[in-house]
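Biologist: I should like to go through this model with you, element by element. Please show the sequence and the structure before we begin.

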Amino acid sequence: MPNPNRGACGFQSNEFEQEYERPSKSELKRQMSELQKLGEELVAEPRDRVKRVPMPDDVKDAILMCQTITNHEGRRRQMQFVGKKMRTLDEEELAVIRRTIDSWKGMSKADTAFLHAMERRRDKLLADDGALTVLMAEHPELDVQQLRTLIRNARKEQAENKPPKAYREIFQILKDLSKKGAAAAPDDDIDGETTDEDQKDD
């Protein structure tokens with residue numbers, strides 16, 4: 001005899017379909033890992049690039065703060081905070097960030113080589129006083145006193161694990177010099193980009 005109570009519980013099976021559509025724990029963990037990695041990619045990028053990425057200010061501030069921390073444990077905690085902030089973004093915001101990073105990866109080898117050359121020259125200025133003499137011979141219009149002060153401050157920043165403000169200023173000066181030199185072979189887009197970065201730099 002059929003059970004009169006069977007199927008009379010007051011709900012239909014499809015009412016629970018949404019529950020089954022929720023991501024599993026392993027899927028959530030994978031998504032969190034991807035967002036953490038995305039945040040790490042942004043932290044690893046040059047500061048002026050990060051400033052131009054379309055994203056909420058609180059997320060951007062967390063990333064910029066992480067870039068200034070040199071203490072291992074402090075940086076690890078801040079990186080976790082960056083991951084947490086990344087998880088507050090919606091799919092559209094994340095898509096914009098991913099497209100921006102993809103465009104950076106498409107940077108030409110020449111551009112990459114240029115940035116690395118500027119970084120090497122900056123490091124040489126900090127390591128060898130003679131490098132400043134060579135730079136001044138190439139660019140006598142530079143303010144030698146300003147550069148000496150920046151180099152001294154950058155060395156102090158490194159020694160005391162302070163935010164690399166002077167270190168970044170030296171890089172910007174070297175980059176500006178190269179861009180001005182390149183202006184002889186017209187490249188208005190690059191020159192315009194430098195001006196834009198100057199306006200956005202601290």
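Biologist: In this predicted model, what distance separates the end C-alpha atoms of helix 5, and what span should its 15 residues have at 1.5 Å a residue?
Modeller: The model is indeed a predicted one. The expected span is taken over one less than the number of residues. For the 15 residues of helix 5, the expected span and the distance between the end C-alpha atoms therefore agree, each being 21 Å.

Biologist: Which residue caps the N-terminal end of helix 5?
Modeller: Helix 5 covers residues 72-86. The cap involves the backbone nitrogen of E73, with a side-chain oxygen 3.2 Å away. That oxygen belongs to N71.

Biologist: Which residues of helix 5 are buried, and what covers them?
Modeller: The buried residues of helix 5 are G74, Q78, M79, V82, G83, K85 and M86. Their cover includes helix 2, helix 4 and helix 6 (91-105).

Biologist: With which residue does K85 form a salt bridge, and which helices hold the two partners?
Modeller: The closest N and O atoms of the K85 pair are 3.1 Å apart. K85 lies in helix 5 and its partner in helix 4 (residues 57-68), so the salt bridge ties together parts that are 27 residues apart in sequence. K85 is buried, whereas the partner is partly exposed, with a relative accessible area of 36%. The partner of K85 is D58.

Biologist: How far apart are the closest N and O atoms of E73 and R76, and how are these residues placed in helix 5?
Modeller: E73 and R76 are 3 residues apart in helix 5, which means a separation of about one helical turn. An α-helix has 3.6 residues a turn, so residues three or four places apart point the same way. E73 is partly exposed, with a relative accessible area of 33%, and R76 is partly exposed at 38%. The closest N and O atoms of this salt bridge are 2.5 Å apart.

Biologist: Which residue is linked with E73 and R76 in a network of salt bridges?
Modeller: Side chains of opposite charge can pair when their charged atoms come close. E73 and R76 form one such salt bridge. The network that links these two residues also contains R77.

Biologist: What is the N to O distance in the salt bridge between E34 and R30, and where do these residues lie?
Modeller: Both residues belong to helix 2 (residues 25-43), and their spacing of 4 residues is about one turn of the helix. E34 is partly exposed, with a relative accessibility of 39%, and R30 is partly exposed at 38%. Their side chains meet in a salt bridge with an N to O distance of 2.3 Å.

Biologist: How many salt bridges does the structure hold?
Modeller: The pair in helix 2 is one of them, and the K85 pair is another. For the structure, the count of salt bridges is 10.

Biologist: Within what arc do the buried residues of helix 8 fall?
Modeller: Helix 8 (residues 129-138) has A131, L132, L135 and M136 buried. Seen down the helix axis, these buried residues line one face of helix 8, because the arc within which they fall is 135°.

Biologist: Which residues on the other side of helix 8 are exposed, and which residue caps its N-terminal end?
Modeller: The exposed residues on the other side of helix 8 are T133 and A137. At the N-terminal end, a side-chain oxygen lies 2.9 Å from the backbone nitrogen of G130. The capping residue is D128.

Biologist: Where does P56 lie, and which residues is P56 in contact with beyond its neighbours within four places in sequence?
Modeller: P56 lies in the loop between helix 3 (47-51) and helix 4, and P56 is partly exposed, with a relative accessible area of 24%. P56 and E93 are 37 residues apart in sequence, while their C-alpha atoms are 8.7 Å apart in space. Beyond those neighbours, the contacts of P56 are L89 and E93.

Biologist: What average pLDDT does the chain have, and over which residues is the pLDDT below 50?
Modeller: The average pLDDT is 78, and 75% of the residues score at least 70. Residues 15-20 have a pLDDT below 50, with 2 contacts beyond near neighbours in sequence. Another stretch below 50 has 20 such contacts, and it comprises residues 185-202.

Conventions
Residues are numbered from 1 along each chain as its sequence is written. This is a predicted model: local features need pLDDT of at least 70, side-chain atom pairs count only at pLDDT 80 or more; totals for chains, interfaces and linings use all residues. Side-chain values use heavy atoms; hydrogens and water are left out. A salt bridge is a side-chain nitrogen of Lys or Arg within 4 Å of a carboxyl oxygen of Asp or Glu. Helices (H or I, at least four residues) and strands (E, at least two) are DSSP runs, numbered from the N terminus. Buried means under 20% relative accessible area, exposed over 50%, partly exposed in between (1.4 Å probe, protein chains only). The arc is that of the directions from the helix axis to the C-beta atoms. A polar contact is a pair of N or O atoms within 3.5 Å; within protein, one must be able to donate a hydrogen and the other to accept it, and residues adjacent in sequence count only if both atoms are side-chain atoms. Contact means heavy atoms within 4.5 Å. pLDDT is the predictor's confidence in each residue, from 0 to 100.
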